[in-house]
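Here is a short walk through one protein model. Keep the structure in view and follow each stop in turn.

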Amino acid sequence: MTTEAELVAALSVVLSADVDDLERVTGGASRETWAFSTASEDVRRKLILRRDPPGAMASGLAREAQLLECAAAVGVPVPEVIASGADLAGASFVVMRAIDGETIPRRLLRDDAFSAVRPQLASQCGRILAAVHRMDAEMVDGLPDDDPLERDRLAYDEFGQPHAAFELAFRWLEDHRPATARRTVVHGDFRNGNLIVGPDGIRAVIDWELAHAGDPIEDLGWLCARAWRFGSDKPVGGFGDYDDLIAAYETESGTVVDRDALLWWETMATLTWGVICMAQTESHRSGALRSVELAAIGRRVAEVEWDLLTNLARAGAPGHRVAPSELEPGWDLPAPEKDELGGGLYGVPTAGELVEAAREFLVHDVVPATEGRVRFHARVAANVLAIVGRELASGAAGKTAHSLRLAALGVGDERELCALIHDRALGDVDEAVVASVRADVVARLAVANPRYFGD
């Protein structure tokens with residue numbers, strides 16, 4: 001683990017300037033992000049350091065620096081690159097000029113300071129993405145050019161976790177892949193959260209680590225995935241409508257956006273986010289990078305499953321209801337029962353009561369007394385305990401219902417059901433299979449995030 005003092009010393013050498021005010025920035029589950037200042041010849045600059053965790057495999061941060069420079073050349077608003085390299089205290093890095101503005105999605109979607117510009121953001125995104133897709137891929141060394149569906153299939157299989165909703169999505173995506181008319185640079189993570197926004201609009205596009213060559217509609221689909229709406233009903237980043245995004249993109253790029261292809265890529269983006277959730281949680285479970293944030297992300301897979309089933313219904317996939325938003329009876333969980341008389345093997349407080357006590361301590365004592373990264377992770381930990389409490393409250397009834405649903409389909413467990421869907425042994429997927437899968441997703445989501453149903 002690199003200390004802050006070691007980072008300050010290394011940065012001072014690289015930048016030939018005094019470094020101070022170094023602070024770890026909240027967020028960035030896969031890479032470190034630091035804010036700091038330099039002073040040299042009476043000139044003070046605010047800068048951002050992006051850095052891989054020490055010991056990580058060789059990264060694309062050098063490529064990210066190239067991408068930023070190429071993007072600036074075609075008019076994409078990006079931070080200015082100050083320095084980059086393969087070794088800053090044992091890890092690859094890039095230093096950029098800090099840009100004033102907001103990146104936290106919920107603030108962008110709710111604060112009055114952005115009320116005037118919010119209606120313009122979808123159109124701005126369309127114009128910026130058209131510029132991104134004018135970048136010359138040949139100017140970037142080693143730009144990945146993988147098939148995303150094949151990549152996700154391989155990664156998903158590697159985890160060995162059965163999710164029937166994922167299998168249904170893989171099957172539909174394989175059968176309905178749109179033709180790719182163009183291949184361009186694709187940002188790969190263009191979304192609310194990776195945009196620096198001020199009252200005047202989008203000031204910079206950041207986090208280019210997933211950039212690759214591919215179909216440009218992929219970027220539009222990623223921006224529209226529900227994961228990046230943060231509780232808003234607006235489909236484009238939580239701040240705009242499809243028509244505004246598409247009209248601006250078509251005008252700026254001179255190409256027509258196929259709406260069916262956009263839905264395909266939005267569904268592909270949803271699936272990819274689910275695989276990323278699994279990968280990040282596995283990095284915690286394996287011990288490679290222990291983090292309460294990464295642990296919690298694993299339970300967000302239930303949100304992805306719900307969104308996949310919803311998108312398949314929008315696309316008219318066989319066996320899916322037109323509007324699968326109605327909730328099956330019994331999705332809501334009972335409150336944890338209190339053992340008023342005590343007794344039992346472990347006594348009182350019950351496990352549920354202990355979990356709730358720890359959650360209340362985090363929410364009411366730790367969060368108000370902390371700030372920055374510790375405050376953020378305290379909130380995450382409180383949410384983790386809430387999930388555990390809901391799972392304890394669900395008891396054995398949920399598992400019994402799950403087993404009965406699988407038995408009605410003639411399978412013993414979800415892994416067997418996934419294999420049958422994958423191998424197409426069931427023939428056409430019918431309503432009974434989809435209804436069973438949806439009921440399981442509802443049960444998981446009721447534990448992981450019951451508020452998601454109403455978002």
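Start inside, at the largest cavity. Its lining is made up of Ala-225, Arg-226, Ala-227, Ala-269, Thr-270, Trp-273, Val-304 and Asp-307. Two elements each give two or more residues to this lining: α9 (259–285) and α11 (301–314). The biggest share comes from α9, with three residues. The volume of this cavity is about 40 Å³. How many cavities of 30 Å³ or more are there? The count comes to one. Keep in mind that this is a predicted model.

One residue of that lining leads onward. Trp-273 lines the largest cavity, and Trp-273 is also touched by Trp-228. Find Trp-228 in the loop between α7 (217–224) and α8 (242–253). Is Trp-228 buried or exposed? Its relative accessibility is 6%, so Trp-228 counts as buried. The cut-off for buried is under 20%. Leaving aside residues up to four places away in sequence, Trp-228 touches Arg-191, Asn-192, Trp-222, Leu-223, Gly-237, Gly-238 and Trp-273. Now look towards Phe-190. Along the sequence, 38 residues separate Trp-228 and Phe-190. In space, their C-alpha atoms are 9.8 Å apart.

Next, turn to a sheet. Five strands make up an open sheet, and their order is β1-β2-β3-β5-β4. The pairing is antiparallel. Why do β1 (18–24) and β4 (81–85) each have one side without a neighbour in the sheet? Both stand at the edges and have a single partner strand each, so one side of each is left free of a neighbour there. From one strand to the next, the twist averages 20 degrees. Strands of a sheet pair through backbone hydrogen bonds, in either a parallel or an antiparallel way.

Walk across this sheet pair by pair. Strand β2 (residues 32–40) and β3 are antiparallel, and nine bridges join them. Phe-36 has its bridge partner in β3, and that partner is Leu-47. Then comes the pairing of β3 with β5, again antiparallel, over five bridges. Here Arg-50 stands opposite Val-94 in β5. Beyond that, four bridges join β4 to strand β5 (residues 93–97). These two strands run antiparallel. Val-94 appears again here, as the bridge partner of Ser-84. Val-94 of β5 is thus set opposite Arg-50 and is also bridged to Ser-84.

Now look at charges. How many salt bridges does the structure hold? The total is 31. One of them ties Arg-44 to Asp-21, with 3.1 Å between the closest N and O atoms. This pair links distant parts of the chain, 23 residues apart: Arg-44 is in strand β3 (residues 43–51), and Asp-21 is in strand β1. Asp-21 counts as exposed, because its relative accessibility is 54% and the cut-off for exposed is over 50%.

Asp-21 has another feature. Its phi is near 60 degrees, a positive value in a residue other than glycine. Most residues other than glycine have a negative phi. Asp-207 is a further case, with a positive phi of about 55 degrees although it is not a glycine. Look for Asp-207 in the loop between β8 (201–205) and β9 (212–214).

Asp-207 also belongs to a network. Salt bridges link Arg-50, Glu-64, Asp-207 and Glu-209. Arg-50 is familiar from the sheet, where it stands opposite Val-94.

Two more salt bridges complete the walk. Arg-153 pairs with Asp-157, and their closest N and O atoms are 2.9 Å apart. Both lie in helix α5 (residues 148–159). They are four residues apart, about one turn of the helix. Arg-153 is buried, at a relative accessible area of 11%. Asp-157 is partly exposed, at 42%. Finally, the side chains of Lys-234 and Asp-241 meet in a salt bridge, with an N to O distance of 3.4 Å. Lys-234 counts as partly exposed, at 32% relative accessibility. Asp-241 also counts as partly exposed, at 32%.

Note on methods: Residues numbered from 1 in each chain as written. Predicted model: local features only at pLDDT ≥ 70, side-chain atom pairs only at ≥ 80, totals over all residues. Heavy atoms only, no water. Pairing = 2+ DSSP bridges. Axes fitted to C-alpha atoms, helices over the stretch in contact; angles between N-to-C directions. Salt bridge = Lys/Arg side-chain N within 4 Å of Asp/Glu carboxyl O. Buried < 20%, exposed > 50% of the residue type's maximum accessible area, 1.4 Å probe, protein only. Contact = heavy atoms within 4.5 Å. 1 Å grid on protein atoms, 1.4 Å probe; cavity = no way out; pocket = protein on both sides within 12 Å on 5 of 7 lines; lining within 4 Å. Points joined across faces, edges and corners; volume = space filled by probe spheres on them.
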